[in-house]
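I opened a fresh page for this one and went through it a piece at a time. My notes are below, for anyone at the bench who wants to follow along.

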Amino acid sequence: GFMGTLNSLQGLLMGGMFSIATLGIIKTADEMQNLNSQIKLVTKSEEEYLGIRQKVREIADANFNDVKATTGLYANSARALANLGKSQAEALDFTNAVSLAMRAGGRSAGEQASAILQLGQAMGSNVVQGDEFRSLAENAPILLELVAKRLGVLPGQLKALAADGKITGEVMFDALTQNINILEDMAKKMPLTMAQAFTVAKNRYKSYVDDMMNQTGGMS
């Protein structure tokens with residue numbers, strides 16, 4: 001009777017774990033579908049969408065950044081930069097420059113994701129101020145140092161300029177893309193951490209689920 005009870009408990013446990021795993025996969029598939037939709041909204045063809053999606057994933061992995069935050073940054077930036085006459089390639093360059101700055105900054109994955117999210121929102125409104133500026137000051141000071149260099153001011157003067165709406169999307173674009181070589185050199189000097197490796201592993205898992213459930217498999 002005791003063994004029968006244990007077998008019943010084992011069956012319940014395995015069934016519960018299977019249910020939890022299934023729900024996790026479905027949640028991940030839905031999350032990736034939402035990210036795909038963000039890219040589709042700023043691309044004009046299926047071919048362009050597929051190419052951009054792959055590039056964004058490569059940027060996220062190469063710089064150990066969360067694919068969700070990176071996709072959000074690209075989508076918001078592409079929309080804002082298009083209004084400034086910038087191309088999709090330039091929007092990708094900007095996304096890569098921001099990702100490099102996050103990697104060079106040595107912040108945690110959570111802090112990086114927060115800063116990328118705030119910057120994406122700022123690019124969407126074409127001005128960095130308020131909460132977005134505070135988040136960048138705390139989690140991505142390298143970005144603001146480059147902005148100060150672009151504007152020819154001291155970093156301490158940026159808060160007042162932000163309040164006046166002087167840190168625009170175009171200023172951010174120029175500050176980062178014009179210094180991408182510097183960011184690449186800084187990023188190369190940073191050691192790889194376990195947290196960064198785990199971020200890439202999670203990105204790869206999400207991409208696998210997306211391909212299996214939403215793309216080639218179509219299981220969802």
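These entries go from the whole chain down to single residues.

**Entry 1: the whole chain**

I began by noting that this is a predicted model. I checked the confidence next: the protein chain averages a pLDDT of 87, and 95% of the residues score at least 70. By element, I found the lowest confidence in H1, with a mean of 79, and the highest in H2, at 94.

Then I counted elements and got eleven helices and zero strands. Read from the N terminus on, the order is α-α-α-α-α-α-α-α-α-α-α, which made for a quick sketch in the margin.

For dimensions, I took the C-alpha atoms along the principal axes, and they fill a box of roughly 80 × 40 × 30 Å. I also looked up burial: 41% of the 220 residues are buried. Among contacts with a separation of 6 or more, 71% join residues 24 or more positions apart.

**Entry 2: the cavity**

How many cavities of 30 Å³ or more does a search of the whole structure find? I got one, and its volume is about 40 Å³. I wrote down the lining: Met-32, Leu-35, Asn-36, Ile-39, Arg-53, Arg-57, Val-67 and Thr-71. H1, H2 and H3 each give two or more residues to this lining, and H1 has the largest share, with four. Sorted by class, I have four nonpolar, two polar and two charged residues around the cavity.

**Entry 3: the pocket**

I turned to the largest pocket, which has a volume of about 150 Å³. It is lined by 13 residues, and the closest to its centre are Val-42, Lys-44, Ala-78, Ala-82 and Gln-88. Helix H3 (67–82) and helix H4 (88–105) are the elements that give two or more residues to the lining. H3 supplies the largest share, four residues. By class, I noted six nonpolar, three polar and four charged residues in the pocket lining.

**Entry 4: Thr-43**

I wanted a closer look at Thr-43, which I found in the loop between helix H1 (2–41) and helix H2 (46–62). Is Thr-43 buried or exposed? Its relative accessible area is 12%, under the 20% cut-off, so I put it down as buried.

What does the side chain of Thr-43 reach at 2.9 Å? I traced it to the backbone oxygen of Ile-39. Ile-39 was already on my page as one of the residues lining the cavity. Leaving aside neighbours within four places in sequence, I listed Glu-48, Tyr-49, Ile-52 and Gln-88 as the contacts of Thr-43. Gln-88 had come up before too, among the residues closest to the centre of the largest pocket.

**Entry 5: positive phi values**

I looked for positive phi values next. Phe-64 has a phi near 60°, a positive value in a residue other than glycine. I placed Phe-64 in the loop between H2 and H3. Its relative accessible area of 17% is under 20%, so Phe-64 counts as buried.

Asn-126 is another residue other than glycine with a positive phi, near 65°. I found Asn-126 in the loop between H5 and H6. At 31% relative accessibility, Asn-126 falls between the 20% and 50% cut-offs, so I marked it partly exposed.

I added Gly-152 to the page as well: just after H7, this glycine takes a positive phi of about 70°.

**Entry 6: helix H7**

Which residues of helix H7 (residues 141–151) are buried? I have Ile-142, Leu-143, Leu-144, Leu-146, Val-147 and Ala-148. A reminder to myself: an α-helix has 3.6 residues a turn, so residues three or four places apart point the same way. I then looked up what covers the buried residues of H7, and the answer includes H4, helix H5 (109–125), helix H6 (131–139), helix H8 (158–163), helix H9 (169–177) and helix H10 (180–188).

**Entry 7: Tyr-208**

My last stop was Tyr-208, in helix H11 (residues 194–214). Its relative accessible area is 52%, over the 50% cut-off, so I noted Tyr-208 as exposed. I also checked how far Tyr-208 is from Asn-181: they are 27 residues apart in sequence and 32 Å apart in space, C-alpha to C-alpha.

Definitions and conventions: Residues are numbered from 1 along each chain as its sequence is written. Side-chain values use heavy atoms; hydrogens and water are left out. Buried means under 20% relative accessible area, exposed over 50%, partly exposed in between (1.4 Å probe, protein chains only). A polar contact is a pair of N or O atoms within 3.5 Å; within protein, one must be able to donate a hydrogen and the other to accept it, and residues adjacent in sequence count only if both atoms are side-chain atoms. Contact means heavy atoms within 4.5 Å. On a 1 Å grid over the protein atoms alone, a cavity is a set of points where a 1.4 Å probe fits but cannot get out, and a pocket is an open set with protein on both sides within 12 Å along at least five of seven lines; lining residues have an atom within 4 Å of a point. Grid points are joined across faces, edges and corners, and a volume is the space filled by probe spheres set on the points. Ala, Val, Leu, Ile, Met, Phe, Trp, Tyr, Cys and Pro count as nonpolar, Asp, Glu, Lys and Arg as charged, and the others, Gly among them, as polar. pLDDT is the predictor's confidence in each residue, from 0 to 100.
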